[in-house]
Amino acid sequence: MEFSQQIAQYIITGLTIGAIYAIVAMGFNIIHNATGIVNFAQCEFISLGGMFMYSLAVLFKVNLIIAFFISMAGVALIGALIEMGPIRHARSKEIIILIFLTIGLSEILRGTAQVVWGTDNVGVPAFSGETPIHLPGGAAIVPQHIWIFAITVMVMLMLRYFFKKTLMGKAMRATAVNRRAAALAGISVNRMVLFSFAFSGALGAVAGMIIAPISSTSYDTGIMLGLKGFAAAILGGYGNFAGAILGGIILGLLESLGAGLISSQYKDAIAFFVLLLVLFLKPRGIMGYGESERV
Amino acid sequence: MDLLLKQKDNLCFGILALVIVAIPVFVESKYYFIVLNVIGLNTLVVVGLNLLIGFAGQISLGHAAFYGLGSYFSGILTVNYGFPLWPAMLVGMLATGAVAYLIGYPSLKLRGNYLVMATLGFGIIINILMGELEQFTGGHDGLMGIPPLAIGGLTFDDDLKNFYLIWSFVFFFMLAARNLLNSRVGRALRAIKGSEVAANSLGVNTADYKVKIFVLSAMFASVSGSLYAHYITFISPSSYDFHYSIQVVTMVIVGGMGSLWGSLFGAGILTFISEALHIAKQYHIIAYGVFLCLVLVFLPEGIVVGIYNLFLKRKTRKLIIK
């Protein structure tokens, strides 16, 4: 009983952190589909989301719901500005140059965050109290975990609706499949890239805000979360939305079970080790499909 | 630019040798020697990495791991097991090469962003092991008391002696890289960068070359890591994290991908700027980021080639106006 209880607890934690990774992975995927690059500034979107939330909710005592949406919009705006400025005007469109440009941009964002908020860890209040709810199996769950699941599911459903049903979503998918063909069909590719940066800004912010009450937040919390989100996206198959969810959950569970059952110091090593194994066996991720190479 | 550099290559090596010999005459402060030595160490890593990125067209975000493996092999073998110094360095280099082969063989079949993730993940795993295998590595507190290198009666125990040691390594490794690039192997690598499929169809075993150059670049990093360990005499995991991997790739790009001399400039400029920007105190990260973004946006060919091209453009414009 004792043991199964523990396992249940690990699984709940794993799913929670996995949900966060899945949201972050979505952010990576959306930008990848629009541009083909890895946007390392995604890490900073997460930190900024958490810190905006902290400033509004704790320092300025704004209502949590309003703070949530303002922070989301704020980070989305930063994402859009990044695209409109440096990314769009970069003289080279080579992937590696653009990837390192996002690294440079994330240094600027992180440096600015450090100047504005300092280096201390700060807490954000939970969305609805901290009294744990006891589940029938004997495991306990904090309300924030439920919030994380609920918000993740909602975000996924909204994204699905957006990409499947709305005209703009379809245009973004068309851009992902073939930029040239999309442009020929009258889609403004530049605008789609712009939206993809704003979107992944918003997604990063959401991830940063919902995890902040559980693990405190600081100017650089996003780095490790962001890298794990990237790992989740790769694990599932880069660019694949269902893969992002699957990858996030697998990574979250691996980490939590690894920490609980094997060793908490090695939890990241275990997660990345499994990732490498999967990549070596299935080079395009679990749900990725092969691309034929063009000459 | 590459062509121009090739013609004057021997001249450049001559100048480099002269500068190395002459610098200690003009530099007196201990601080500048430390900066110069760090530039030298970084150059070794960057030259190797540039062979991989610039010529084989493969990105690695895990080179901090190879740099670290060199340091830790040297450190652990000499401190814990009383190994002689130079053999320890050689063992470190070969062992790092073997690790690189094991990880490179499956990794280099991956493409683009998958390869970025694989090397990144590998780097993080090695960094965690450095911190956690306490009985060997000293854990997060680091490993202390690594003896300085010595040849015969000469012990490299101060900054000036290490300056000569490190920069002679830089000189000979750059010479070796130049010779490699001008050989059959170098032409094959260039072909791979141009088009992997085309190179393959012309009988270049691209998979084999990519793994070999990966192993070679890991060995460059390992040697640099060993030199670092014996120079600073103290190593800890934080020197070999993800940020270092990013930093060296940045140096490759800023110096110019596929340019041997660019590697030297990239390592030099970025190490120097990063040191100089410490006067900006808490704005240090921002300033470094701004510098990086400006270079990447406006001079994506790298600083050396980029500025040369700008200069060329102005010259041709003048000619046209005339």
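This is a chat about a predicted model of two protein chains, A and B.

Student: Let's start with the interface. How many residues does each chain put into the contact?
Tutor: Chain A brings 49 residues and chain B brings 45.

Student: And how much area do chain A and chain B bury between them?
Tutor: About 4100 Å², with 78% of it on carbon and sulfur atoms. On the chain A side, the residues that lose the most area to chain B are A:R91, A:F100 and A:F280, and together they make up 16% of what that side buries.

Student: Okay, A:R91 has a charge. Which residue does A:R91 form a salt bridge with?
Tutor: With B:E301, and the closest N and O atoms are 3.5 Å apart. The rule finds one salt bridge across the interface of chain A and chain B.

Student: How many residue pairs are in polar contact across that interface?
Tutor: Five, counting pairs with both residues at pLDDT 80 or more.

Student: Which elements of chain A give two or more residues to the side that touches chain B?
Tutor: Those are α3 (64-89), α4 (95-117), α9 (222-236) and α11 (267-281) of chain A. The biggest giver is α4(A), with 15 residues.

Student: How do the residues on that side of chain A divide into nonpolar, polar and charged?
Tutor: You get 31 nonpolar, 11 polar and seven charged residues there.

Student: Stay at the contact for a second. I'm looking at B:Y114, so where is B:Y114 found?
Tutor: B:Y114 is in helix α6 of chain B, which covers residues 112-132.

Student: Is B:Y114 buried or exposed?
Tutor: Buried. The relative accessible area of B:Y114 is 7%, and the cut-off for buried is under 20%.

Student: What is B:Y114 in contact with, leaving aside its neighbours within four places in sequence?
Tutor: The list is A:I234, A:G237, A:Y238, A:L279, A:P283, A:R284 and A:G285. For A:R284 there is a polar detail too: its backbone oxygen lies 3.3 Å from a polar atom of the B:Y114 side chain.

Student: And how far is B:Y114 from B:D157?
Tutor: They're 43 residues apart in sequence and 43 Å apart in space, C-alpha to C-alpha.

Student: New topic: rings. How many aromatic pairs does the structure hold?
Tutor: 27, over all chains. One of them joins A:F28 and A:F230, with ring centres 5.5 Å apart and planes at 35°.

Student: Why is the A:F28 and A:F230 pair called tilted?
Tutor: Because 35° sits between the cut-offs: planes under 30 degrees apart count as stacked and over 60 as edge-to-face. This pair links distant parts of the chain, since A:F28 is in helix α1 (residues 2-35) and A:F230 is in helix α9, 202 residues apart.

Student: Are those two rings, A:F28 and A:F230, on buried or exposed residues?
Tutor: Buried. A:F28 has 1% relative accessibility, and A:F230 has a relative accessible area of 0%.

Student: What about the rings of A:F68 and A:F127, how are they arranged?
Tutor: Their centres are 6.3 Å apart with planes at 90°, so that pair is edge-to-face. A:F68 lies in helix α3 of chain A and A:F127 in the loop between α4 and β1 (133-134), so the pair ties together parts 59 residues apart in sequence. A:F68 and A:F127 are both buried.

Student: Which residues of chain B do ring pairs link into a cluster?
Tutor: One such cluster has B:Y67, B:Y72, B:Y228, B:Y240 and B:Y244.

Student: B:Y72 also shows up beside B:T137. What else does B:T137 touch?
Tutor: Besides B:Y72, B:T137 touches B:I76, B:L129, B:M130, B:G142 and B:L143, not counting residues up to four places away in sequence. B:T137 is in helix α7 (residues 134-137) of chain B, and it is buried, at 5% relative accessible area.

Student: Last thing, backbone. What is phi of A:K61?
Tutor: Near 55°, a positive value in a residue other than glycine. Most residues other than glycine have a negative phi. A:K61 lies in the loop between α2 (42-59) and α3 of chain A, and at 67% relative accessibility it counts as exposed.

Student: And what is phi of B:T233?
Tutor: About 65°, so positive too, although B:T233 is not a glycine. B:T233 lies in the loop between α11 (206-232) and α12 (242-255) of chain B. With a relative accessible area of 27%, B:T233 is partly exposed.

Methods:
Residues numbered from 1 in each chain as written. Chains lettered and ligands numbered in written order. Predicted model: local features only at pLDDT ≥ 70, side-chain atom pairs only at ≥ 80, totals over all residues. Heavy atoms only, no water. Contact = heavy atoms within 4.5 Å. Buried area = accessible area lost by both parts, 1.4 Å probe. Salt bridge = Lys/Arg side-chain N within 4 Å of Asp/Glu carboxyl O. Polar contact = N/O pair within 3.5 Å; in protein donor to acceptor, adjacent residues only side chain to side chain. Helix = DSSP H or I, 4+ residues; strand = E, 2+ residues; numbered from the N terminus. Nonpolar A, V, L, I, M, F, W, Y, C, P; charged D, E, K, R; others polar. Phe/Tyr/Trp six-rings, centres within 6.5 Å; stacked < 30°, edge-to-face > 60°. Buried < 20%, exposed > 50% of the residue type's maximum accessible area, 1.4 Å probe, protein only.
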